[in-house]
Amino acid sequence: MKPKHLLNLVSDQLYTLPLVVLYLTDGCNSRCVTCDIWRNPRRNMKMELVDEIASAFEELQTRWVLLSGGEAMQHPQWPQIARRFRDEGTFVMLLTNGLLLRKQADDLVGNVDEVIVSLDGGTANTYDAIRGVDAFDLILDGIRAARARGIPVAIRTTIQRSNFREMPQIIEAAKQAGANRVSFLTVDVSNQYAFGPRFVADPALQLAGGGGAAIPVMQAPAPTALDLNDVAAFEQVVEQVITDFADDFDSGLIAESPAKFRSMVRYFAALNGEADFPRPRCNSPHISTVIEVDGTLRPCYFLPSYGRLSVGENLSKAINTPVAQALRQAYKSGQRAECERCVCPLYKGPRALLRM
């Protein structure tokens, strides 16, 4: 057991860092309507920074590493990076759009413990419309290639206007490709820190729905959120999925509970001013950090940076500056409006931390 992890929960200082999320590159070969990262000039994380991060894992008792981006598999040294972290005793997860998965499937073996693939459609046309590439069958072939090599695969779908009706098809496609788990989350339409500079803010306007502090309206580049008519249809889809796939909820193939599915309906209703936002249970900033390509540090995907890690700098000190601790205290006390609308909360309580 690692009782030191529990100190994180009673302080704004991080004594351990169970999860590290790395943006290996900020380039991407998808053209998603919900993300502008692919418009950025490509930068790759340098191996010197990778070594700096990995060297701190023993001190910080890091258990999990999530390799992300951009598209992590476009980093020319991603297998070596994955192996470097795995050699530190961490569980290495690779988050990918899957476009290179079939081609690079052999590189997964011995380097990665789990692959998480984004699949934002249950049909080729819908996938193409959302992701900007004609690759639905290629993604499914990549999942099969990973599974054939014994690598567990989880599928993650971002629910939005274009694909919510295809939840049953997505689950069936995942099962036919041999995926171990299917997970759903709602599209973010308001956060200015995640997924690149995809919004134009108008400080004079405020988002509807829910209580708490207001934040500026962000004008998305595409109508991805559900309107009220869509919400009613989505509720019907959700209830049908809960009924038709009851065995898959019970087995854990579908990661979320029926109650979580119903809270997704409430989230979209709240965006339309018809409900309060579901209260997310999250302590992500107290158990993890996001490290971007250049060492920029964030407490999670959706909160602003609190500093930057440089080569030669101690990671434990970098994540515990006064600015970092103040940001953790602010979200914990309800001062960060972004948290009210968070679509991807992460929570690990004392029992889970002790089991690690």
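**Exercise 1. An aromatic pair**

Is F234 buried or exposed, judging by its relative accessible area? Work this out, then describe the ring that F234 pairs with and the parts of the chain that the pair joins.

*Solution.* Keep in mind as you go that this is a predicted model.

Step 1. Start with F234: its relative accessible area is 0%, so F234 is buried.

Step 2. Look for ring partners. Searching the whole structure gives ten aromatic pairs. In one of them, F164 and F234 sit 5.8 Å apart, centre to centre, with 75° between their planes. Planes over 60 degrees apart count as edge-to-face, and that is the label for F164 and F234.

Step 3. Place both rings in the fold. F164 belongs to the loop between β5 (153-159) and α6 (167-177), while F234 belongs to helix α7 (residues 228-244), so their pairing ties together parts 70 residues apart in sequence.

Step 4. Check the partner. F164 also has a relative accessible area of 0% and is buried.

Step 5. Widen the view. Ring pairs join F164 and F234 with Y267, F268 and F277 in a cluster.

**Exercise 2. Two helices side by side**

Describe how α6 and α7 pack, and say which classes of residue make the contact.

*Solution.*

Step 1. Take the geometry. The axes of α6 and α7 are 9 Å apart, and the packing angle is about 35°.

Step 2. List the residues that meet. From α6 come M167, P168 and I171; from α7 come F234, V237 and V241. You have already met F234 as the edge-to-face partner of F164.

Step 3. Sort them by class. The contact of α6 with α7 has six nonpolar residues, with no polar and no charged ones.

**Exercise 3. A threonine in a strand**

What does the side chain of T157 have 2.5 Å from one of its polar atoms? Find the atom, and describe the setting of T157.

*Solution.*

Step 1. Locate T157: this residue is in strand β5.

Step 2. Assess exposure. T157 has 0% relative accessibility and therefore counts as buried.

Step 3. Find the polar neighbour. The backbone oxygen of L119 is 2.5 Å from a polar atom of the T157 side chain.

Step 4. Gather the other contacts. Setting aside neighbours within four places in sequence, T157 contacts L119, D120, N163, I170, S183, F184 and L185.

**Exercise 4. A methionine in a loop, and the helix after the loop**

Which residues does M45 touch, leaving out those up to four places away in sequence? Then turn to α1 and see what covers its buried residues.

*Solution.*

Step 1. M45 lies in the loop between β1 (19-25) and α1 (47-54).

Step 2. With a relative accessible area of 1%, M45 is buried.

Step 3. Beyond four places in sequence, M45 touches L22, Y23, L24, V50, I53, H75, I291, E292 and V293.

Step 4. Now for α1: its buried residues are L49, V50, E52, I53 and A54. Their cover includes β1, α2, α3 (78-86), β9 (288-291) and α11 (315-318).

**Exercise 5. An unusual phi**

Which residue has a positive phi of about 55° although it is not a glycine? Say where this residue sits and why its phi is worth a second look.

*Solution.*

Step 1. The residue is Q61.

Step 2. Recall the general rule: most residues other than glycine have a negative phi.

Step 3. Place Q61 in the loop between α2 (57-60) and β2 (64-69). Q61 is partly exposed, at 22% relative accessible area.

**Exercise 6. Cysteines**

How many disulfides does the structure hold? Use the sulfur distances of C339 and C344 to explain your result for these two residues.

*Solution.*

Step 1. The number of disulfides is zero.

Step 2. For a disulfide, the two sulfur atoms must lie within 2.5 Å.

Step 3. Try C339. The closest cysteine sulfur belongs to C300 and is 6.4 Å away, so it is too far for a bond. C339 is partly exposed, with a relative accessible area of 24%.

Step 4. Try C344. The closest cysteine sulfur belongs to C342, at 6.4 Å, which again is too far for a bond. C344 is partly exposed, with a relative accessible area of 25%.

Definitions and conventions
Residues are numbered from 1 along each chain as its sequence is written. This is a predicted model: local features need pLDDT of at least 70, side-chain atom pairs count only at pLDDT 80 or more; totals for chains, interfaces and linings use all residues. Side-chain values use heavy atoms; hydrogens and water are left out. Rings of Phe, Tyr and Trp (its six-membered ring) pair if their centres lie within 6.5 Å; planes under 30 degrees apart count as stacked, over 60 as edge-to-face and the rest as tilted. Helices (H or I, at least four residues) and strands (E, at least two) are DSSP runs, numbered from the N terminus. Buried means under 20% relative accessible area, exposed over 50%, partly exposed in between (1.4 Å probe, protein chains only). Axes are lines fitted to C-alpha atoms, for helices over the stretch in contact, and angles run from 0 to 180 degrees between N-to-C directions. Contact means heavy atoms within 4.5 Å. Ala, Val, Leu, Ile, Met, Phe, Trp, Tyr, Cys and Pro count as nonpolar, Asp, Glu, Lys and Arg as charged, and the others, Gly among them, as polar. A polar contact is a pair of N or O atoms within 3.5 Å; within protein, one must be able to donate a hydrogen and the other to accept it, and residues adjacent in sequence count only if both atoms are side-chain atoms.
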